[in-house]
Amino acid sequence: MERFVIHPNVMLGEGAVVDDFVILGVPPRGRAPGELATRIGPGAVIRSHAVIYAGNFIGARFQAGHGVMIRESNEIGDDVSVGTHTVIEHHVRVGNRVRVHSNAFIPEHSVLEDGSWVGPGAVFTNALYPLSPGAKAGLKGPRLLEGARVGAGATLLPGVTVGRNALVGAGAVVVRDVPDHKVAAGNPARVINDVRELAAYDARALVGGQE
């Protein structure tokens, strides 16, 4: 007996695996079931208790951990993995080969470009002055450029950009943009090093190499 719910106008690609108690294609408030198309590419694995709203376009080989929540109208690329109990709000753009670990929060109007990485418990924000007049109209999430990495428990303020291959240390509070290839840590986060100087990374493999 099937123990998951798939709403109308949901297309699952070949070989997709849907565990028990998953709900796919949930209509957002004000929308009828099936009004917004939902597309999930081939080879997806969606684990138990995940909820994916309608209007999402998700690429091939998507993986969702247990209890993942993905709201409506997102664009998610190929080979993306979203860890257990992570929340991705609506109107988020996620590129290819992106990894978001468990218990992370990604608010609306955030952008995660190709190959970016978000550690467990990281929190992105999108309202500079919550509950202020006009706050909703001015929402702007963080942007991770290609290959950017955000460490566990870090907090990113609204609208900040983390540059290509940049590395944000665990627990950092990012209040301003982090340049390409730089390491930022602390509260508030400050540039403390260059990723290309770290022995753990092969500079030749980084996006843009030694530029």
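**Exercise 1. In what order do the ten strands of the open sheet stand, and is the pairing mixed?**Before you start, note that this is a predicted model, where local features need pLDDT of at least 70, side-chain atom pairs count only at pLDDT 80 or more, and totals for chains, interfaces and linings use all residues. Residues are numbered from 1 along each chain as its sequence is written, and side-chain values use heavy atoms, with hydrogens and water left out.

*Solution.*
- Step 1: Find the strands, which are DSSP runs (E, at least two residues) numbered from the N terminus.
- Step 2: Join those that pair, meaning that DSSP finds at least two bridges between them.
- Step 3: Read off the order, S3-S6-S9-S12-S15-S18-S21-S24-S26-S27, with mixed pairing.
- Step 4: Look at the ends. S3 and strand S27 (190-194) each have a single partner strand, so one side of each has no neighbour in the sheet.

**Exercise 2. Describe how S26 and S27 are joined**.

*Solution.*
- Step 1: Locate strand S26 at residues 182-185; four bridges connect S26 to S27.
- Step 2: Check the direction: the two strands run antiparallel.
- Step 3: Pick one residue, Val183, and its bridge partner in S27 turns out to be Asn193.

**Exercise 3. Which part of the chain does Arg3 tie to the part that holds Asp20?**

*Solution.*
- Step 1: Check the contact. Asp20 and Arg3 form a salt bridge (a side-chain nitrogen of Lys or Arg within 4 Å of a carboxyl oxygen of Asp or Glu), with N and O 2.6 Å apart.
- Step 2: Place both residues. Arg3 sits in the segment before strand S1 (5-6) and Asp20 in the loop between strand S3 (17-18) and strand S4 (23-26), so the pair ties together parts 17 residues apart in sequence.
- Step 3: Judge exposure, where buried means under 20% relative accessible area, exposed over 50% and partly exposed in between (1.4 Å probe, protein chains only). Asp20, at 27%, is partly exposed, and Arg3 is also partly exposed, at 42%.

**Exercise 4. Trace the salt bridge between Arg61 and Asp79**.

*Solution.*
- Step 1: The closest N and O atoms of Arg61 and Asp79 are 2.5 Å apart.
- Step 2: Arg61 belongs to the loop between strand S8 (57-58) and strand S9 (63-64), while Asp79 belongs to the loop between strand S11 (75-76) and strand S12 (81-82), 18 residues apart.
- Step 3: Arg61 is partly exposed at 43%, as is Asp79 at 35%.

**Exercise 5. How many salt bridges does the whole structure hold?**

*Solution.*
- Step 1: A search of the whole structure gives nine.
- Step 2: Elsewhere, Arg71, Glu72 and Glu89 are linked in a salt-bridge network.
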